[in-house]
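Me: I have a structure open on my screen and would like to learn how to read it. Could you take me through it feature by feature?

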Amino acid sequence: MGQDHIRYDILAQDALRGVIRKVLAEVAATGHLPGDHHFFITFLTGAPGVRISQHLKAKYPEQMTIVVQHQFWDLKVTEAGFEIGLSFSDTPEKLVIPFNAVRGFYDPSVNFELEFDVAASEDEEESAEITAYPAGEDGNEPAEKSPEKPGEPKNGGGSVVSLDSFRKKN
């Protein structure tokens, strides 16, 4: 096979990041998510351009998953990334996340998932797993608590969930 001088892999990932950009821009314009849509967005906390509080950085030194569902504010989307206000254990936080730092985007209401290759630090182990923080627990807290779902922790902590469990089986 010949060498890919065009770098289709990079072009495809940039195009798919455009999907996230467009969806978040529409949510920012309306101020809410349509229907039952909500998003799990996983990103590398140490990636260039990521701005989160020292408290969150200490708690999630490598990667973090946020839940954009009922309670968020000041969502602003640019060509390069987005910023959003979320609540973590009743503490408001502002996060700035470049699209290049995003490793995964998942909308469980329609089983839509995107995964990205993001340059990880050398000491980070490559994995097809994300740390999921269900809404109302260790992630942002929604205005209404959602009912407990199978596989979600009962102690308020996060759980490691393989992305394979979300894929459709043929």
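Reply: Happy to! Let's begin with the chain as a whole: of its 170 residues, 42% are buried. Keep in mind that this is a predicted model. The accessible surface comes to about 10,000 Å², and carbon and sulfur atoms hold 53% of it.

Me: How many helices and strands does the secondary structure of the chain come to?

Reply: There are two helices and nine strands. Going along the sequence, you meet them in the pattern α-β-α-β-β-β-β-β-β-β-β. As for contacts, take those with a separation of 6 or more: 59% of them are between residues 24 or more positions apart.

Me: Now the sheets. Which order do the strands of the open four-stranded sheet have?

Reply: The general idea comes first: strands of a sheet pair through backbone hydrogen bonds, and the pairing is either parallel or antiparallel. In this model, the open sheet of four strands runs β2-β1-β6-β7, and its pairing is antiparallel. At the edges stand β2 and β7 (112–115); each has a single partner strand, so one side of each has no neighbour in the sheet. On average, neighbouring strands here are turned by 10° against each other, direction ignored.

Me: What joins β1 to β6?

Reply: Four bridges do, and the two strands run antiparallel. For a spot to click on, try I41, which stands opposite F105 in β6.

Me: I41 is a good place to stop. Which residues touch the most other members of the largest nonpolar core?

Reply: I41 is one of them, together with F43, I66, F82, I84 and L95; the core has 31 residues. Two or more residues each come from α1 (8–30), β1 (39–44), β2 (63–68), β4 (81–88), β5 (91–98) and β6 (102–107). To see one member in detail, select L95: leaving out residues up to four places away in sequence, its contacts are F43, R51, I52, M64, I66, F82, E83, I84, L86 and F88.

Me: And a polar residue, say Q13: is it buried or exposed?

Reply: Q13, which is found in helix α1, has a relative accessibility of 16%, and buried means under 20%, so Q13 counts as buried. Apart from neighbours within four places in sequence, Q13 is in contact with F116 and D117.

Me: Let's turn to the aromatic rings. How many aromatic pairs are there?

Reply: A pair of aromatic rings is described by the distance of the centres and the angle of the planes. Here the count comes to four pairs. F40 and Y106 form one that is tilted, with 6.3 Å from centre to centre and 45° between the planes. F40 belongs to strand β1 and Y106 to strand β6, so this pair ties together parts 66 residues apart in sequence. Both F40 and Y106 are buried.

Me: What about the rings of F82 and F99?

Reply: Their centres are 5.8 Å apart and their planes are at 40°, so the F82–F99 pair is tilted. F82 lies in strand β4 and F99 in the loop between β5 and β6, so the pair ties together parts that are 17 residues apart in sequence. F82 and F99 are buried, and F82 is also one of the core residues that touch the most other members.

Me: Which residues form an aromatic cluster?

Reply: F39, F105 and F112 form one. You have already met F105, opposite I41.

Methods: Residues are numbered from 1 along each chain as its sequence is written. This is a predicted model: local features need pLDDT of at least 70, side-chain atom pairs count only at pLDDT 80 or more; totals for chains, interfaces and linings use all residues. Side-chain values use heavy atoms; hydrogens and water are left out. A nonpolar core is a set of buried Ala, Val, Leu, Ile, Met, Phe, Trp, Tyr and Cys residues joined through side-chain atoms within 4.5 Å. Buried means under 20% relative accessible area, exposed over 50%, partly exposed in between (1.4 Å probe, protein chains only). Contact means heavy atoms within 4.5 Å. Rings of Phe, Tyr and Trp (its six-membered ring) pair if their centres lie within 6.5 Å; planes under 30 degrees apart count as stacked, over 60 as edge-to-face and the rest as tilted. Two strands pair if DSSP finds at least two bridges between them. Axes are lines fitted to C-alpha atoms, for helices over the stretch in contact, and angles run from 0 to 180 degrees between N-to-C directions. Accessible areas come from the Shrake-Rupley method with a 1.4 Å probe; for residues, only the protein chains shown count as cover.
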